[in-house]
Amino acid sequence: MNGINLQVNAGEVHAIMGPNGGGKSTLAHVLAGREGYKITDGSITYMGKDLLELSVDERAREGIFQAFQYPIEIPGVSTANFLKHTITAVRKHQKKKELSAKEMITFIKEMAKMVEMEDNFLSRSLNQGFSGGEKKRNEILQLAVLEPKLAVLDETDSGLDIDALKIVANGVNKLRTKDNAFIVITHYQRLLDYIIPDFVHVLYNGQIVKSGDKNLALKLEEKGYDWIKEEVEELTTI
Amino acid sequence: MNILNKKNISMTNINTPDKKDSNEKFIELFRLYQNTLNGRKNYAGHTIQKTAIQRLSKDVYFPTRRNEDWKYTNVTELLQPQYHQPKFVDITTADISPFLFEGLDTYLLVFVNGKYDKTLSSKDELSKKVIVQDIPSCLQEDGPTKAIASEYLTKWASKEMNPFIVLNTAFAQNGIFIYVPDGVVLDRPVHILNIAFTKDEPVVISPQKIIIIGENSKLTVIETYHPLNNSQQTYFTNTVNQLLLERNSVFDHYRIQDEGENAFFINNTEVEQMRESTYSSYVIDLGGKLVRNNLSSILKDSGTTTNFYGIYVGMDKQHIDNQTFIDHAYPNCKSNELYKGILTDSAKGVFNGKIMVRPDAQKTNAFQKNHSLVLSKSASMNSKPQLEIFADDVKCSHGATIGQLNEDSLYYMRSRGLSKNEAISILKQAFLTEITGLINIEPVREKVEQMIQNKFK
């Protein structure tokens, strides 16, 4: 990353777009707290806290959620069991009311219905044997049950057909409130037809080179990324 | 002949001073024990016991590292204590209740320090369906069990080269003989609960079982081993099982070992399988300082199925060694082995799976897998498959992996708010699900999973 300045307020949806290699995934990973990245300068403040001081699981308990581009399979851990553990951990930290076993299952099933996932997947190992679309919907399910304040969707739309995309977008839209925020990282504009962003930023060479509203996304759809790259080159040669 | 024994013969003529001392200690213990027999010296069992103990001054020695089969497992510490015969201990229903399976009706046989506890057991009920008899009375009385019991015990006493089997033959007092008659499908599992208790002196406990399952019969046995009150005491459980599955019989055999942290546990289980019989073994090793299991199945006819499943969880300085042997001597037999373990701290695990496929054993299917997680720098695992295949129309495979937890899985779980420790615990449990998931008695599976989880904490 070569210098990012970004402010995301509650209730907002920010889309991060850009050509491959521009730094979109790096941004997602750094926000989530993945190891292997060194911050050489700058800070990330989340709800008044210095985010860089928190480990990945601390950040999750503080209400940050990352929907992965490539969700992995964890054989031997049932989806239901996994969700129960994580919901309990996050709710406990946030001092939310503890859910009984029955309440937990009802809650999970309700959210599952929202992303159109069948009940039977709950007993299966996490993501094992799931199609790409099912894995992405499972990410949104986790988002739904963990109720994060900040959700970072890392190319959630990649590999999805239009129907799966609509289900994912629908889920996200249902979960939007004035108290939470979304950073939607995407390469294609398509997703943004369904998840209408408040702001669109273009990430190129590790910097946000252009910001705008949803119309910027439409312009990118029409013209591609080349015109942005040209603009940036012109600016740097002046 | 059992290949394990063959190897012992060629290597045991080494009279190192320590090894002679160990033999002496047990010989002396036997002398003391004889004095407590109170006039029972003339009974048939005693002659056999004397024959056995005399072998320790003749041709039977405890193994050293130079024995191939004991290369990774050192028994010096096990042989070190001056063992005593265990004393009789009176325990109550409350004492044993934590060791029972909630929600499972069983025929319960309770042994305390190797001695049968009549009041806590339901032997009478079981006797209505099968023959249950203590081995000394099998040998003493002229009944249907005498010949078989004599045959096995005499063989162990005079021909067996495995020192631990010989030791067991010398010291077992309350061996048990179970015979399931032809065509009997037992309605409940038999739970053989072994409790160890000693206050100050180290004791040697010698459980002994002969189990015969008749034609077309079905039996489930769950053996469990626990110390009373989480004892820190030193004791040595040296157990021997001889199992015979007659034609078309089915035997599900569970062994859950949760001995004390300073206990030594040696298990020798030999199975003989007749035509089309099915033997499934589930061994769970959680406790004990030094654990060594020898499990073998000799296939004596075609069409048999043999399943060996095992879990070992080693922590601190535990040493858990599983040796298995399957002798495919007839065609169309299937065997499947899966052992999985997790080793942390300075624990050491060993797995040696031998499979012999003899020239006539065409259409054999023999599969073996051993997977271990070694989660700390000082922990280690030695895994050795040994397949000797002399038939040419067979399907055999073996595979072993030794690794760590998947970093991506850990990260994923942490990114959902689980602490590192919680995530590690869940992944460790998940690793063993492949085997716990095979336990088809729900209360047993639940208890095993709970015991494993408690161990992780």
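Start with chains A and B of this predicted model: select the place where they touch, and you should find 17 residues of chain B in contact with 18 residues of chain A.

Now keep the side of chain B that touches chain A and look at its helices. α10 (407–414) and α11 (420–436) of chain B each supply at least two of its residues. Which element gives the most to this side? Colour α11(B): with 7 residues, α11(B) gives the most. Then colour the residues on this side of chain B by character. They divide into 6 nonpolar, 5 polar and 6 charged.

Move to chain A and select the loop between α4 (101–114) and β6 (125–126), where E116(A) is found. Check the backbone here: E116(A) is not a glycine, yet has a positive phi of about 55 degrees. Is E116(A) buried, exposed or partly exposed? E116(A) counts as partly exposed because 17 C-beta neighbours lie inside 10 Å, while a buried residue would need 20 or more.

Next, select the loop of chain A between β7 (150–154) and α6 (162–175), which holds E155(A). Phi of E155(A) is also positive, near 45 degrees, in a residue other than glycine. Display the surroundings of this residue: E155(A) has 22 C-beta neighbours inside 10 Å, and therefore counts as buried.

To finish, show the two glutamates of chain A together. E116(A), in the loop between α4 and β6, is partly exposed, whereas E155(A), in the loop between β7 and α6, is buried.

Methods
Residues are numbered from 1 along each chain as its sequence is written. Chains are lettered from A and ligands numbered from 1 in the order in which they are written. This is a predicted model: local features need pLDDT of at least 70, side-chain atom pairs count only at pLDDT 80 or more; totals for chains, interfaces and linings use all residues. Two residues are in contact if their C-beta atoms, placed from the backbone, lie within 7 Å. Helices (H or I, at least four residues) and strands (E, at least two) are DSSP runs, numbered from the N terminus. Ala, Val, Leu, Ile, Met, Phe, Trp, Tyr, Cys and Pro count as nonpolar, Asp, Glu, Lys and Arg as charged, and the others, Gly among them, as polar. A residue is buried if 20 or more other C-beta atoms lie within 10 Å of its own, exposed if 12 or fewer, and partly exposed in between; C-beta atoms are placed from the backbone.
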